[in-house]
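Open the model in your viewer and keep the selection tool ready. We will go stop by stop, with one thing to select each time.

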Amino acid sequence: MGVKIKISTAFEENDAILDKWSHVVVATGTSPNIPEFTYESGVRVLTYEDVLKFKFPVQSPVVVIGAGGVACDVAKYILKTPNPLQASSNYLQNNMTDCIASQYTEGAIPSPKVTILQRSSKKLAYKLGRTTRWILIQELTQLGGMFMRGASIESISKCAVKAILIDRKQMSIPAKTIVLATGQNPNLLVTSFLEIKNIPFTVIGSASKSINERGSISSSIKSGYNFALSIN
Ligand SMILES: Cc1cc2nc3c(=O)[nH]c(=O)nc-3n(C[C@H](O)[C@H](O)[C@H](O)COP(=O)(O)OP(=O)(O)OC[C@H]3O[C@@H](n4cnc5c(N)ncnc54)[C@H](O)[C@@H]3O)c2cc1C
């Protein structure tokens with residue numbers, strides 16, 4: 001069909017300056033939203049992207065801040081991804097008698113502990129379909145995940161997150177790593193280059209959603225399809 005594909009190439013300001021585009025379709029997706037928390041220096045704060053895409057290691061216990069499907073996904077990933085020491089400890093426990101296994105596994109790092117902390121008092125991941133949500137929560141519970149609703153963060157230190165609950169009680173949750181799953185912002189930087197150069201463009205996919213709208217693979221495909229149909 002004559003479509004030229006260039007991979008590993010970012011569309012940047014200079015590309016817009018080249019001025020050879022009659023129309024640009026912007027499908028640049030989203031980046032993690034980072035709320036303004038104040039925290040002690042040295043606190044290990046990561047985004048869901050750091051963990052899922054860039055594979056930054058986490059130190060247990062972990063507090064995941066957020067309440068949607070992404071918070072559940074990242075919690076599940078952490079709970080299901082043993083570090084090398086846990087992996088060998090799990091292997092020995094499954095393949096040796098208890099007595100022999102304990103000789104080798106003593107002192108091994110225990111399985112990670114994950115608490116999902118959500119500000120609202122709504123059901124966790126309430127925007128997901130009922131069945132998907134049910135399966136996800138069952139799975140997280142079986143993996144030892146913990147959940148806390150209606151918790152407003154008061155402070156974050158190197159070893160704990162302090163939160164105020166709806167009944168005004170203060171709670172301290174042990175945490176060596178904080179993972180932010182607090183929504184996504186559309187990646188719209190390229191549109192500013194295009195605006196300056198007066199190049200017409202259309203934003204499709206999750207880049208066209210606001211922070212409170214949930215993007216999905218199907219809605220992104222649909223918006224691309226609808227745009228394609230609109231071309232004469
Ligand atoms: C953890 C997680 C789990 C999810 N699970 C589901 C799920 O189960 N079901 C579901 O339907 N949806 C899910 N989603 C949402 C879904 O991934 C998005 O809605 C969908 O990927 C959006 O597609 P998109 O093509 O608009 O953007 P993206 O898939 O984000 O693609 C945007 C692309 O543009 C590239 N890009 C950005 N800037 C530039 C630039 N300047 N130049 C060139 N390239 C650029 C990016 O590198 C990226 O490859 C999940 C999201 C997350 C974060």
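Does S8 count as buried or exposed? S8 has 4 C-beta neighbours inside 10 Å, so it counts as exposed. Keep in mind that this is a predicted model.

**Stop 1: S8 and the whole chain**

Stay on S8. This residue sits in the segment before α1 (13–17). Its phi is near 50°, a positive value in a residue other than glycine.

Now show the whole protein as a cartoon. You should find 8 helices and 12 strands. Of the 232 residues, 25% are buried. Among contacts with a separation of 6 or more, 68% join residues 24 or more positions apart.

**Stop 2: the parallel sheet**

Select β3, β10, β4, β5 and β6. In that order they make an open sheet of 5 strands, and the pairing is parallel. Which strands are at the edges? They are β3 (44–47) and β6 (146–148), and each pairs on one side only. From one strand to the next, the twist averages 25°.

Add α3 (69–80) to the selection. The helix α3 packs on this sheet and touches β4, β5 and β10. Its direction makes about 175° with that of β5.

Next, zoom in on β5 and β6. Strand β5 covers residues 114–117 and pairs with β6 in the parallel sense over 3 bridges. Pick I116: its bridge partner in β6 is F147.

**Stop 3: two residues of β10**

Select V179, which lies in strand β10. Why does V179 count as buried? Its C-beta has 31 C-beta neighbours inside 10 Å, and the cut-off for a buried residue is 20 or more. Show the residues that V179 touches: L46, Y48, V51, V58, V62, V64 and V74, not counting residues up to four places away in sequence. Then draw a distance from V179 to V64. Their C-alpha atoms are separated by 4.7 Å, although the two residues are 115 residues apart along the chain.

Move to T177. This residue is also placed in strand β10, which spans residues 177–180. T177 has 22 C-beta neighbours inside 10 Å, so it counts as buried. Leaving aside neighbours within four places in sequence, T177 is in contact with R44, L46, V58, Q59 and V62. Draw another distance, from T177 to L46. The C-alpha separation is 7.4 Å, and along the chain the two residues are 131 residues apart.

**Stop 4: a cis peptide bond**

Select S60 and P61 and show the backbone. The peptide bond from S60 to P61 is cis, with omega near 0°. P61 is placed in the loop between α2 (48–52) and β4 (62–65).

**Stop 5: the antiparallel sheet**

Select β7, β8 and β9. These 3 strands form an open sheet in the order β7-β8-β9, with antiparallel pairing. β7 (152–156) and β9 (170–174) stand at the edges with a single partner strand each, so one side of each has no neighbour in the sheet. Direction ignored, neighbouring strands here are turned by 30° against each other on average.

Look at β7 beside β8, residues 160–164. The two pair in the antiparallel sense over 4 bridges. Pick I156 and find its bridge partner in β8, V161.

What holds such strands together? Strands of a sheet pair through backbone hydrogen bonds, either parallel or antiparallel.

**Stop 6: around the ligand**

Show the ligand and the residues around it. Which of the 21 residues come nearest? They are T28, G29, G205, G215 and S216. The elements that give two or more residues to this shell are α2, α3 and α8 (217–230). By class, the shell has 9 nonpolar, 11 polar and 1 charged residues.

Now colour by domain. The shell draws at least three residues from domain 1 (13–30 + 186–230) and at least three from domain 2 (34–84 + 110–182).

**Last stop: N198**

Select N198, in the loop between α7 (189–196) and β12 (201–203). N198 has a positive phi of about 60°, although it is not a glycine. Is N198 buried or exposed? With 7 C-beta neighbours inside 10 Å, N198 counts as exposed.

How values were computed:
Residues are numbered from 1 along each chain as its sequence is written. This is a predicted model: local features need pLDDT of at least 70, side-chain atom pairs count only at pLDDT 80 or more; totals for chains, interfaces and linings use all residues. Two strands pair if DSSP finds at least two bridges between them. Axes are lines fitted to C-alpha atoms, for helices over the stretch in contact, and angles run from 0 to 180 degrees between N-to-C directions. A residue is buried if 20 or more other C-beta atoms lie within 10 Å of its own, exposed if 12 or fewer, and partly exposed in between; C-beta atoms are placed from the backbone. Two residues are in contact if their C-beta atoms, placed from the backbone, lie within 7 Å. A residue is near a molecule or strand if its C-beta atom, placed from the backbone, lies within 6 Å of it. Ala, Val, Leu, Ile, Met, Phe, Trp, Tyr, Cys and Pro count as nonpolar, Asp, Glu, Lys and Arg as charged, and the others, Gly among them, as polar. Domain bounds come from an automatic or database domain assignment.
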